[in-house]
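Before a label such as buried, tetrahedral or salt bridge is accepted, it helps to ask what earns it. The exchange below takes such labels one at a time.

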Amino acid sequence: MRCELCGKEAGDPKPVFVEGTKLNVCPACTRFGDKFSGGSSTSTTSRSVIEERLEKRKRRMSSRDVFSGDNEELVLDYRERIRGARDRLGWDQDKLASEIKEKKSIIAKMEAGDITPPEGLVKKIEKALNITLKEKVLAGGEVKGSGGRGLTLGDFIKKE
Ligand SMILES: [Zn+2]
């Protein structure tokens, strides 16, 4: 069965709650569940902490891509790029969500920086808005994993 968040094949999907909606997601996407959202009372301080954590997680996720030959990384200003492209097209979040067949809550969370969009979502947004959200990074650069070898998903989960 497929992960309901990133669309990748997930052998053992786990149920998580995203914006109160139950989704069956692959192990890599469980982090997008509500336990990291911080709720509505998120202060500026805790928001930046969350962003920092997501940023680190994103780097670790990206390191797997580096080793599998895909050395493109999500640009840091992807939120601005998405918002800017939406504005140029005159699309609101609802419109973008329906264009790429995603929940509006996912778009809102992504633009708010509460979640880092998974690979599948990035691709759909790039296509829908005709923008680029990924840039090549040098293999062996700062996104390289600490272990000097490709991390498997299993390694990743154990570390968590
Ligand atoms: Zn997934």
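**Labels and the values behind them**

Q: Why is Arg83 called partly exposed?
A: In this predicted model, Arg83 has a relative accessibility of 29%; since buried means under 20% and exposed means over 50%, Arg83 counts as partly exposed.

Q: What makes the contact of Arg83 with Glu80 a salt bridge?
A: The closest N and O atoms of Arg83 and Glu80 are 3.6 Å apart, and the cut-off for a salt bridge is within 4 Å, so the pair qualifies. Glu80, at 45% relative accessibility, is partly exposed. Because the two residues are three apart in helix H2 (residues 78–89), they are separated by about one helical turn.

Q: How do you know that Arg81 and Glu135 form a salt bridge, and which parts does the pair tie together?
A: Their side chains meet at 3.2 Å, N to O, which is within the 4 Å limit. Arg81 lies in helix H2 and Glu135 in strand E4 (residues 134–136), so the pair ties together parts that are 54 residues apart in sequence. Salt bridges with shared partners join Asp77, Arg81 and Glu135 into one network. Arg81 is partly exposed at 26% relative accessible area, and Glu135 is partly exposed at 41%.

Q: What makes Asp12 and Lys14 a salt bridge?
A: The N to O distance between their side chains is 2.7 Å, which again lies within 4 Å. Lys14 has a relative accessible area of 36%, so it is partly exposed. The structure holds eleven salt bridges.

Q: Why is the arrangement around the zinc ion called tetrahedral?
A: The four donor atoms subtend angles of 104 to 114°, and four donors count as tetrahedral if all angles lie between 85 and 135 degrees, so the label holds.

Q: How do you know which atoms are the protein donors of the zinc ion?
A: The SG atoms of Cys3, Cys6, Cys26 and Cys29 lie 2.3 Å from the ion, and a sulfur atom is a donor when it is within 2.8 Å of a metal such as this. In sequence, the donor residues are spaced C-x2-C-x19-C-x2-C. Cys3, in the segment before E1, and Cys26, in the loop between E2 and helix H1 (44–67), link distant parts of the chain, 23 residues apart. Both Cys3 and Cys26 are buried.

Q: What makes the buried residues of helix H5 line one face?
A: In helix H5 (residues 119–129), the buried residues are Glu119, Leu121, Val122, Ile125, Glu126 and Leu129. Seen down the axis of H5, they fall within an arc of 160°, so they line one face of the helix. Just after H5, Asn130 takes a positive phi of about 55°.

Q: How do you know that Lys101 is exposed and Glu19 partly exposed?
A: Lys101 has a relative accessible area of 72%, so it is exposed, the threshold being over 50%. Glu19 is partly exposed because its value is 46%. Lys101 is found in the loop between helix H3 (93–99) and helix H4 (104–112), while Glu19 lies in the loop between strand E1 (14–18) and strand E2 (21–25).

Q: What makes the charged end of Lys95 count as sitting over the ring of Trp91?
A: The charged end of Lys95 is 5.4 Å from the centre of the Trp91 ring, and the distance limit is within 6 Å, with a further limit of within 35 degrees of the ring normal. The charged end of Lys95 does sit over that ring.

Key
Residues are numbered from 1 along each chain as its sequence is written. This is a predicted model: local features need pLDDT of at least 70, side-chain atom pairs count only at pLDDT 80 or more; totals for chains, interfaces and linings use all residues. Side-chain values use heavy atoms; hydrogens and water are left out. Helices (H or I, at least four residues) and strands (E, at least two) are DSSP runs, numbered from the N terminus. Buried means under 20% relative accessible area, exposed over 50%, partly exposed in between (1.4 Å probe, protein chains only). The arc is that of the directions from the helix axis to the C-beta atoms. Donors are N, O and S atoms within 2.8 Å of the metal (3.2 Å for Na, K and Ca); water is not among the atoms, so sites may look incomplete. Four donors count as tetrahedral if all angles lie between 85 and 135 degrees; four count as square planar and six as octahedral if opposite donors are over 155 degrees apart and all others between 65 and 115; anything else is irregular.
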